[in-house]
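Good morning, everyone, and thank you for making the time. I would like to walk you slowly through one protein model, beginning with its overall plan and then turning to particular side chains.

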Amino acid sequence: MREHLRRLARKVAPGAYAALVKVNKLDLDAIEAGSSADLVLKVAELERQIFELRQENRRVAELYDLVFARLQEDNPLKA
């Protein structure tokens with residue numbers, strides 16, 4: 001199951017997935033003061049990418065609703 005989720009994440013958000021893999025590989029005990037700033041920047045980048053994905057999903061849902069409503073209105077099979 002995890003492998004399926006990994007494949008899906010690689011397809012849907014390759015940049016975010018790569019950043020998560022990098023963050024996962026970090027040894028949190030060995031983080032120095034300079035590299036903790038890098039970690040904060042990576043987390044901020046991940047949050048930005050997640051926000052963009054949410055916006056794209058919202059746009060897809062809105063377009064789906066528009067198409068569905070239009071098809072209902074212009075249905076040639078409607079009696």
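I will start with the overall picture and then go through the residues group by group.

Please keep in mind throughout that what you see is a predicted model. The predictor's confidence, the pLDDT, has a mean of 80 for this protein, and 82% of the residues reach 70 or more. Confidence is lowest in helix 2, residues 14-25, where the mean is 74, and highest in helix 3, residues 33-73, where it is 88. As a general caution, predicted coordinates should not be read in detail where pLDDT is low.

Now to the plan of the chain, which has three helices and zero strands, so that, by the way helices and strands are assigned and numbered from the N terminus, the order of elements reads α-α-α. How much of this protein is buried? Of its 79 residues, 9% count as buried, and the protein exposes about 7200 Å², with carbon and sulfur atoms supplying 60% of that area.

Let us look next at the N-terminal end, where Met1, Leu5, Leu8 and Val12 make a nonpolar surface patch of about 460 Å². Methionine 1 belongs to the segment before helix 1, which covers residues 2-12, and methionine 1 counts as exposed because its relative accessibility is 74%, where the cut-off for that word is over 50%.

Helix 1 also brings us to charged side chains, and a search of the whole structure finds five salt bridges. Which residues does glutamate 3 pair with? One partner is arginine 7, with the closest N and O atoms 3.9 Å apart, and another is arginine 10, where the corresponding distance is 3.6 Å. Glutamate 3 and arginine 7 are about one helical turn from each other, because they sit four residues apart in helix 1. Glu3, Arg7 and Arg10 are thus linked in a network of salt bridges. As for their accessibility, glutamate 3 is partly exposed at 34%, arginine 7 is partly exposed at 42%, and arginine 10 is partly exposed at 38%.

In helix 3 we find another salt bridge, in which the side chains of glutamate 52 and arginine 48 meet at 2.2 Å, N to O. These two residues are also four places apart, about one turn of the helix, and both are partly exposed, glutamate 52 with a relative accessible area of 33% and arginine 48 with 38%.

Staying in helix 3, we come to leucine 53, and here I would ask which residues leucine 53 contacts once its neighbours within four places in sequence are left aside. They are Val12 and Ala13, and the C-alpha atoms of leucine 53 and alanine 13 are separated by 8.1 Å, although the two residues are 40 apart along the chain. Leucine 53 counts as partly exposed, because its relative accessibility is 25% and buried would mean under 20%.

Lastly, the aromatic residues, where the count comes to one aromatic pair. Tyrosine 64 and phenylalanine 68 form that pair, and it is stacked, at 6.2 Å centre to centre with 15 degrees between the planes. Both lie in helix 3, four residues apart, or about one turn of the helix. Tyrosine 64 counts as exposed at 55% relative accessibility, whereas phenylalanine 68, at 44%, is partly exposed.

Technical notes: Residues numbered from 1 in each chain as written. Heavy atoms only, no water. Buried < 20%, exposed > 50% of the residue type's maximum accessible area, 1.4 Å probe, protein only. Areas by Shrake-Rupley, 256 points an atom, 1.4 Å probe, with all protein chains shown as cover. pLDDT = per-residue confidence, 0-100. Patch = residues over 30% accessible without salt bridge, like charges linked within 9 Å, V, L, I, M, F, W, Y side chains within 5 Å. Salt bridge = Lys/Arg side-chain N within 4 Å of Asp/Glu carboxyl O. Phe/Tyr/Trp six-rings, centres within 6.5 Å; stacked < 30°, edge-to-face > 60°. Contact = heavy atoms within 4.5 Å.
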